[in-house]
Amino acid sequence: MVLRFDLVETILRIIMFSSFGHVFPDLPLGRTFSTTYRCYSVTVLADREDVERGGKIIMPPSALDQLTRLNIQYPMLFKLTNKQTRRETHCGVLEFVADEGRIYIPYWMMRNLLLDEGGLVQVDNVSLSVATFAKFQPQSPDFLDITNPKAVLENALRNFACLSQGDVVAIKYNEKVYELCVLETKPGKAVSIIECDMNVDFAPPVGYQEPQKQQTAENRESHEDAQAMDIEKDVIPAFRPFIGQGNRLDGKKKGTESSPLPQASAAQRGIPNYNHKRGTITFIRTVRPVANGSSEDTSDKQFEAFSGEGQILRRKSRK
């Protein structure tokens with residue numbers, strides 16, 4: 001009779017929850033689920049990559065039988081605790097098909113709990129508030145290569161049931177795994193993300209450096225002008241050819257000394273053309289010296305072709 005009553009109670013709970021979203025109010029309250037299991041990663045199971053991509057675990061059938069006897073709040077959410085390291089996280093349940101005494105969880109969740117294969121973990125059912133805000137920090141700058149990171153994250157979080165502050169979750173996109181640290185969650189340190197409207201924000205990725213501002217064209221021109229003015233201030237000594245002491249082939253010394261050359265003035269740099277336009281070339285016409293010692297400006301003189309005097313190689317014979 002006891003077994004039949006428990007079976008009927010279980011069936012009634014399932015029918016009432018599927019129909020009205022709640023269980024019988026006259027059933028016992030305050031009972032919680034708390035059990036210790038051996039923990040293994042999903043890699044032990046074959047072809048269960050869907051579990052690795054989310055935040056849900058696989059529990060044994062006995063856990064479902066025990067949970068249906070309790071007046072717990074749906075959806076089923078659990079807190080996983082590693083008592084040796086005092087690390088904890090939160091998750092949902094995907095299936096009840098694990099071997100008795102075992103649970104299978106994603107590998108990234110095992111790393112957060114600092115668990116080894118076959119380690120003991122305590123599982124408690126909890127009730128979490130609905131999330132309103134979450135802030136993530138990518139663990140690699142490669143996450144910035146994604147065109148629309150918010151859309152990718154929203155699609156990945158559909159496989160999660162809850163988030164815990166401080167966890168490093170792993171999502172897969174284009175055959176590449178990206179890790180994100182949950183920096184902040186509101187309204188609590190652990191929140192449920194099932195059917196919620198949650199605002200998402202991102203912190204700069206770990207190892208990311210702000211790009212340096214490129215120097216504008218005006219700043220480059222002013223810097224080049226300043227360098228030109230500094231060069232003009234430097235005095236360049238003039239070159240004086242043939243200023244060494246001469247020697248005769250017969251060994252005799254020179255009777256008279258040559259008069260010293262006048263001191264050449266230091267050559268100075270001319271004034272730069274500040275109106276010069278980049279990408280253009282300016283040809284400066286020179287001044288050609290004339291035979292009488294003066295100079296003639298040839299810039300305005302019109303060019304005449306074949307205006308020189310001809311020369312004849314063969315002279316005319318005399319008659």
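Accessible areas here come from the Shrake-Rupley method with a 1.4 Å probe. On that footing, the protein chain of this predicted model exposes about 24,000 Å², and carbon and sulfur atoms supply 52% of that area. Of the 319 residues in the chain, 29% are buried. The chain has 6 helices and 14 strands. Taking contacts between residues at least 6 apart in sequence, 75% of them join residues at least 24 apart.

Now for the inside of the chain. In soluble globular proteins, nonpolar side chains tend to be buried together. Here the largest nonpolar core has 44 residues, and the ones with the most contacts inside it are Phe33, Met59, Phe78, Leu80 and Ile105. Helix H4, residues 107-113, gives this core its largest share, 4 residues. A second core of 6 residues is separate from it and includes Val51, Ile58, Ala98 and Tyr104.

Phe33 is worth a look on its own. Leaving out residues up to four places away in sequence, Phe33 touches Met59, Ala63, Gln66, Leu67, Leu70, Phe78, Val123, Asp124 and Asn125. Two of those names, Ala63 and Leu67, come up again in helix H3 (residues 61-68), where the buried residues are Ala63, Leu67 and Thr68. These three sit on the same side of H3, because they cover an arc of only 130 degrees around the axis. The general rule behind such patterns is that an α-helix has 3.6 residues a turn, so residues three or four places apart point the same way.

Leu45 has contacts with members of the second core. This residue is found in the loop between strand S1 (34-41) and helix H2 (49-52). Once neighbours within four places in sequence are set aside, Leu45 is in contact with Ile58 and Tyr104, and both of these are included in the 6-residue core. Ala98, also included in that core, is 53 residues from Leu45 along the chain, with 9.6 Å between the two C-alpha atoms. Leu45 itself counts as partly exposed because its relative accessibility is 25%, and the cut-off for buried is under 20%.

Thr81 falls on the other side of that cut-off. This threonine is found in strand S3, residues 77-82. With a relative accessible area of 15%, Thr81 is buried. Not counting residues up to four places away in sequence, Thr81 touches Arg87, Glu88, Val121 and Gln122.

Further along, there is an open sheet of 4 strands in the order S9-S10-S7-S12, with mixed pairing. Strand S9 (168-173) and strand S12 (199-202) are the edge strands, each pairing on one side only. From one strand to the next, the twist averages 35 degrees. Within this sheet, strand S7 (residues 133-138) and strand S10 (residues 176-186) run antiparallel and are joined by 6 bridges. One residue to pick out on S7 is Ala134, whose bridge partner in S10 is Thr185. Helix H5, residues 149-156, lies across S7, S9 and S12, and runs at about 125 degrees to S12.

That leaves some backbone oddities. Most residues other than glycine have a negative phi, and most peptide bonds are trans. Against that background, the peptide bond from Tyr74 to Pro75 is cis, with omega near 0 degrees. Pro75 is found in the loop between H3 and S3. Another cis peptide bond joins Lys186 and Pro187, with omega at about 10 degrees. Pro187 lies in the loop between S10 and strand S11 (190-192).

As for phi, Leu114 has a positive value near 60 degrees despite being a residue other than glycine. This leucine is found in the loop between H4 and strand S6 (119-126), and with a relative accessible area of 48%, Leu114 is partly exposed. Asn174 also has a positive phi, near 55 degrees. Asn174 lies in the loop between S9 and S10, and counts as exposed because its relative accessibility is 61%, where the cut-off for exposed is over 50%.

How values were computed. Residues are numbered from 1 along each chain as its sequence is written. This is a predicted model: local features need pLDDT of at least 70, side-chain atom pairs count only at pLDDT 80 or more; totals for chains, interfaces and linings use all residues. Side-chain values use heavy atoms; hydrogens and water are left out. Two strands pair if DSSP finds at least two bridges between them. Helices (H or I, at least four residues) and strands (E, at least two) are DSSP runs, numbered from the N terminus. Axes are lines fitted to C-alpha atoms, for helices over the stretch in contact, and angles run from 0 to 180 degrees between N-to-C directions. Contact means heavy atoms within 4.5 Å. Buried means under 20% relative accessible area, exposed over 50%, partly exposed in between (1.4 Å probe, protein chains only). The arc is that of the directions from the helix axis to the C-beta atoms. A nonpolar core is a set of buried Ala, Val, Leu, Ile, Met, Phe, Trp, Tyr and Cys residues joined through side-chain atoms within 4.5 Å.
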